[in-house]
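Trainee: I would like to go through the charged side chains with you and ask, label by label, what each one rests on.
Mentor: Gladly; let us look at the structure together.
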Amino acid sequence: MIGACSLSSKLKTTGSHMGELSPVGSIRSEQILTPEGWVSGAVAIEGSTISSVGGQATSKGREFDASEFRVIPGLIDLQVNGGWGIDLAKTPHRFDELSRLLTQVGVTAWLPTLVTSAIEKRHAALDVFQHAEPGGATALGWHFEGPWISPKRAGAHYPERIESVPEHLPARHSAEAGLALVTLAPELPGAMRLIAELHEAGVVVSCGHSNADAKTIASALEQGATMGTHLFNAMSGLDHRSPGVAAGLLDSDAFVGLIVDGLHVDEAIVRLVWKLASDRLVLVSDAMAGLGLDDDAAALGESRVFLDGRSARLADGTLAGSVISLRDAVRNLMQFTNCSLADALGAATSTPARAIGATGRGALAAGNVADLVVVDDELEVIATVVGGQLVYSRGGDGAWK
């Protein structure tokens, strides 16, 4: 029985990251999650690509026996600020280290996230992305959460770093340079023009940290925004006479990010969102440096954050990101909504892939990138494969039983 989980202590493992990448030829299991449902057989891999799923392995190479476990698509987290003491806003040079650590909780692709920061920090982050090393979860580009957000909905972001919308899109703020997603407040002067420019530059635009009304959200979606950042948090809500950002997003076809840690959003609201938008719900961890740490203090950009084992908060009690992993968010979604494991995993795999246009990811199907995770019935990670390479194994190379 998979139960709810929000404690960072659940992340502690005894596995190892592979010092030298180990190519995988195939993985056999009685429970492989495909877009059509659970099947038995093997996932065959050629290089970095899945060649077949189900039946007998057709590829040459090393075969792994996962018959005691499930094989699922690799998780895709679109909002990771840090973890295990690493704060990306302060130490972007530890980017590769965090990529490797994320594989122990089943994340195979992610968007490293930078909270509201000066342009020099943003450029430094893009520089790091250009030199990412293999061996961990694949970074699909940066998520700049700010700096064009509402001071009224700053949340844990450092207020002095919030900026007015510039007259023109800043240099290097494009998909080509490594920017995948931007969170902004669409009600800011000039924001509609910026949304259109970002969209033209291949960047996904998400409405968040915003005090907009529902009509403004509708206009933002017309200009090219396609998503909402951590629904209900740091945004105007569902007032029945003055519908805000949350209402506008739910009353649309936009993807909606949601932090399901039992703290950021009440269980009843999680159930409501699931009923209204399960096909476009994107689970995010919004993890910060406190992920994987014991009770202590950590940082989120320039803000000091205090940990209590369940949450990360500013001194005044404001929530400052989370300390759960995306794997644990999947567990919680099942617990809160009584949805199936396959449906909950969709919100952490195929749906985030669709949200950012990451074709060939998020599902175990022939022709897709060979990102997959071997898990037990409690979703504890046994092994993680990224691009056809074994990058993490709980018991060492191949020792999965």
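Trainee: Are Asp328 and Arg327 buried or exposed?
Mentor: In this predicted model, Asp328 and Arg327 are both buried.
Trainee: What makes the contact of Asp328 and Arg327 a salt bridge?
Mentor: Their side chains have N and O atoms 2.8 Å apart, and the cut-off is within 4 Å, so the pair qualifies. By this rule, the count comes to 13 salt bridges.
Trainee: How do you know that Arg331 and Glu380 meet in a salt bridge?
Mentor: The N to O distance between their side chains is 2.6 Å, which is again within the 4 Å that the rule asks for. This pair links distant parts of the chain, with Arg331 in helix α7 and Glu380 in the loop between β21 and β22, 49 residues apart.
Trainee: Why is Arg331 called buried, and why is Glu380 called partly exposed?
Mentor: Arg331 has a relative accessibility of 5%, and buried means under 20%, so the label follows. Glu380 has a relative accessible area of 23%, which lies between the 20% and 50% cut-offs, and therefore partly exposed is the right term.
Trainee: What about Asp371 and Arg361, which form a salt bridge: why is Asp371 counted as buried and Arg361 as partly exposed?
Mentor: Asp371, at 7% relative accessibility, falls under the 20% limit and so is buried, whereas Arg361, at 21%, is not under that limit and not over 50%, so partly exposed applies.
Trainee: Which residues do salt bridges with shared partners join into one network?
Mentor: That network consists of Arg327, Asp328, Arg331 and Glu380.

Key: Residues are numbered from 1 along each chain as its sequence is written. This is a predicted model: local features need pLDDT of at least 70, side-chain atom pairs count only at pLDDT 80 or more; totals for chains, interfaces and linings use all residues. Side-chain values use heavy atoms; hydrogens and water are left out. Buried means under 20% relative accessible area, exposed over 50%, partly exposed in between (1.4 Å probe, protein chains only). Helices (H or I, at least four residues) and strands (E, at least two) are DSSP runs, numbered from the N terminus.
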